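Welcome! Let us take a friendly walk through this structure, one feature at a time.

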Amino acid sequence: MLALFEVLSFKGWLDVRDILIKALGPVHAIYIHIYIFLGCMIGLTLFVGVVIANYSENKGTALLTVDQRRWCDLKKRLKIAQPLHLPPRPDGKKFRAKIYDMTQNITFKRFIAGMVLINSSLLCVSWREEKSHTGPLALVSTALTLVFVVEVVMKNIAFTPRGYWQSRRNRYDLLVTVLGVIWICINSTLHNNLSYTVGFVVVVLRFFTITGKHATLKMLMLTVGVSVCKSFFIIFGMFLLVFFYALAGSILFGTVKYGEGIGRRANFGSPVTGVAMLFRIVTGEDWNKIMHDCMIQPPYCTPANNYWETDCGNFIASLIYFCSFYVIITYIVLNLLVAIIMENFSLFYSNEEDALLSYADIRNFQNTWNIVDIHQRGVIPVRRVRFILRLLRGRLEVDPQKDRLLFKHMCYELERLHNGEDVTFHDVLNMLSYRSVDIRKALQLEELLAREEFEYIIEEEVAKQTIRTWLEGCLKKIRATSKQQNSLIAGLRATNELLTMQDHAEDKVKESSFDKDSEGEPKETEGPRHRSKPKTGVVIPRSDSVGSGSGRKYLAPTLSDPATRPDKERTSNKKRNNRPQGSIKNLPHVTEGSEANRLLLREIPSNKSSTPKVSNVMLEVTEWWHEQLTYNTESSDEDGL
């Protein structure tokens, strides 16, 4: 069993084969080959698959549908995506704009990448002072470093120092370039192995700058970086396990006699050397030989009464110790790391057609964000999100004319996210990702319920805002209409007042002319009657009016006057006048005395200044009517006498 377990790890199977051939013959050697094929190539592969499947099930990805897995991959992509930190093109400055176009040209980028590869190729040979090729290699490296200095200067001119410093890649390029300039200064003065070593290190650092200049290399580095970050706890747990086994090995096998696997530099004499020994076992390097050295028993070792004096090992402890460590570390922990790397590798190298959002769509959003985010802070005011949504193209494109309601929902979602404050790059990108997929297919149940509730609240609030805006617009229209009506009424009133003032002016002119005419008339010859004082109210003269002996104007008698009627009509009028008072109760003012009529005539002209021209006519008619009544009363009295 122990021999087959060792063969399962591809250790010592040649020795086992040779023993079988020597003991049983060449035909029996096929046994070990079949075991290696079935046990190692198939069995271990299945074991690795089981570990990865269990990892996926425990993580929950194995039970997801295809759309749900794509959604999980998309969220991981969006989490890794970062703003470009690329300043916009300086259109107002021709020189800087020209340098900017040069630095962003694909030919320029490929030229710099080629220079980096040439510089890295100098690492193929060692740089030693005694070598004849070291001087020319250092000279070529110096020339390439000057080319990189020119690149940094051009980018600082195009982006400005502040814009250049915002990119992490540019910072690293600047650091390596500064180190290269320092190396040039050191190499020009020393020309020794120290200066060549510094130059060698600068070339190695320069090699890593090429990862950001090509998309595939950048994805590969992202895969490694994300895998290390996600497997941090697994790696940390592996370190703890190794340290625990190192302490146990120092206790159990600290004094074991040196053998084929254990020696002066590889032993369990201290925890430090024990950790180094276990890392060697993790790689599978002669772990079975180390196990057999720790199993040594007398007479091949020196027994003693206590642990500190003997150099013998422990068979059972060695078997349990090394077999358990090798199974846990090699078959489980390392395969978990493989599962994480495979997951991230499939994440970055998945088919663009299967992805919910391609890298081109994410790149388009990064370019659009770079246009709106002027200060390159990764944060913009929420009011600028509208510009981003209008500029997007591809799967993330939103037409404000056709999808007006969706546009409102997206804007309000970001406003509600931080209560109207600034939004980040990932806030907008996550919102767009939710709006670009079918959430009923892509999201899991809990996330789906939360998202549907959130979208329902957004739709309700947008509907309220739309109704509120519509009502405010209606109120504004109503207020504007009322203002127009008020202005029209005010204009009409002003026009009427102007006409009234003109009528008053005309009335005053007529009154003054009437007073002059009344003063020029001669007095009556009948009796020494004095002319009565002029009244405050002046009657407007009419063409059909006649003058009386008292100087007042009256309307000309009509057919209704008693003086012009025949005698028969006068007789009938007398009978009518002799009727009882009850018959004329609807006209009380007819039976009133002349004094009351005069008072009424005095009160009516007093309000003349506040009445229009029509009121003057009515006043004249009323005065005429009362005069007719007075005349009728006097004539009836004369008939009675």
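In which loop is D286 found? D286 sits in the loop between α12 (271–282) and α13. Before we go on, a word on the source: this is a predicted model, in which local features need pLDDT of at least 70 and side-chain atom pairs count only at pLDDT 80 or more, while totals for chains, interfaces and linings use all residues. Residues are numbered from 1 along each chain as its sequence is written, and side-chain values use heavy atoms, with hydrogens and water left out.

**The chain as a whole**

The chain holds 23 helices and 4 strands; helices (H or I, at least four residues) and strands (E, at least two) are DSSP runs, numbered from the N terminus. Of its 641 residues, 33% are buried, where buried means under 20% relative accessible area, exposed means over 50%, and partly exposed lies in between (1.4 Å probe, protein chains only). Among contacts with a separation of 6 or more, 69% come from residues 24 or more positions apart; a contact means heavy atoms within 4.5 Å.

**Backbone features in loops**

D286 has a positive phi although it is not a glycine, and N419 shares this description. The table puts the two side by side.

| Residue | Phi | Loop | Relative accessible area |
|---|---|---|---|
| D286 | about 50 degrees | between α12 (271–282) and α13 | 22%, partly exposed |
| N419 | about 55 degrees | between α17 (404–417) and β2 (423–424) | 72%, exposed |

Another loop, between α13 (287–293) and α14, contains P299. The peptide bond joining P298 and P299 is cis, with omega about 10 degrees.

**Two helices side by side**

Helix α8 (residues 168–189) and helix α9 (residues 193–207) have axes that come within 9 Å and cross at roughly 160 degrees. That makes α8 roughly antiparallel to α9. Axes here are lines fitted to C-alpha atoms, for helices over the stretch in contact, and angles run from 0 to 180 degrees between N-to-C directions; under 35 degrees counts as roughly parallel, over 145 as roughly antiparallel, 65 to 115 as roughly perpendicular and the rest as oblique.

Residues making the contact include Y172, V176 and W183 of α8 and Y196, V202 and R206 of α9. The contact residues divide into 9 nonpolar, 5 polar and 2 charged.

**Aromatic pairs**

A pair of aromatic rings is described by the distance of the centres and the angle of the planes. Rings of Phe, Tyr and Trp (its six-membered ring) pair if their centres lie within 6.5 Å; planes under 30 degrees apart count as stacked, over 60 as edge-to-face and the rest as tilted. The whole structure has 23 aromatic pairs.

Why is the pair of F253 and Y321 edge-to-face? The ring centres of F253 and Y321 are 5.4 Å apart and the planes stand at 70 degrees, so the pair is edge-to-face. This pair links distant parts of the chain, as F253 belongs to helix α11 (residues 232–253) and Y321 to helix α14 (residues 315–348), 68 residues apart. Both F253 and Y321 are buried.

Y326 and Y331 form another edge-to-face pair, with 5.5 Å centre to centre and 80 degrees between the planes. Y326 is buried, with a relative accessible area of 5%, and Y331 also counts as buried, at 10%.

Finally, ring pairs link F244, Y245, F253, F268, Y321, F322 and F325 into a cluster.

Conventions
Nonpolar A, V, L, I, M, F, W, Y, C, P; charged D, E, K, R; others polar.
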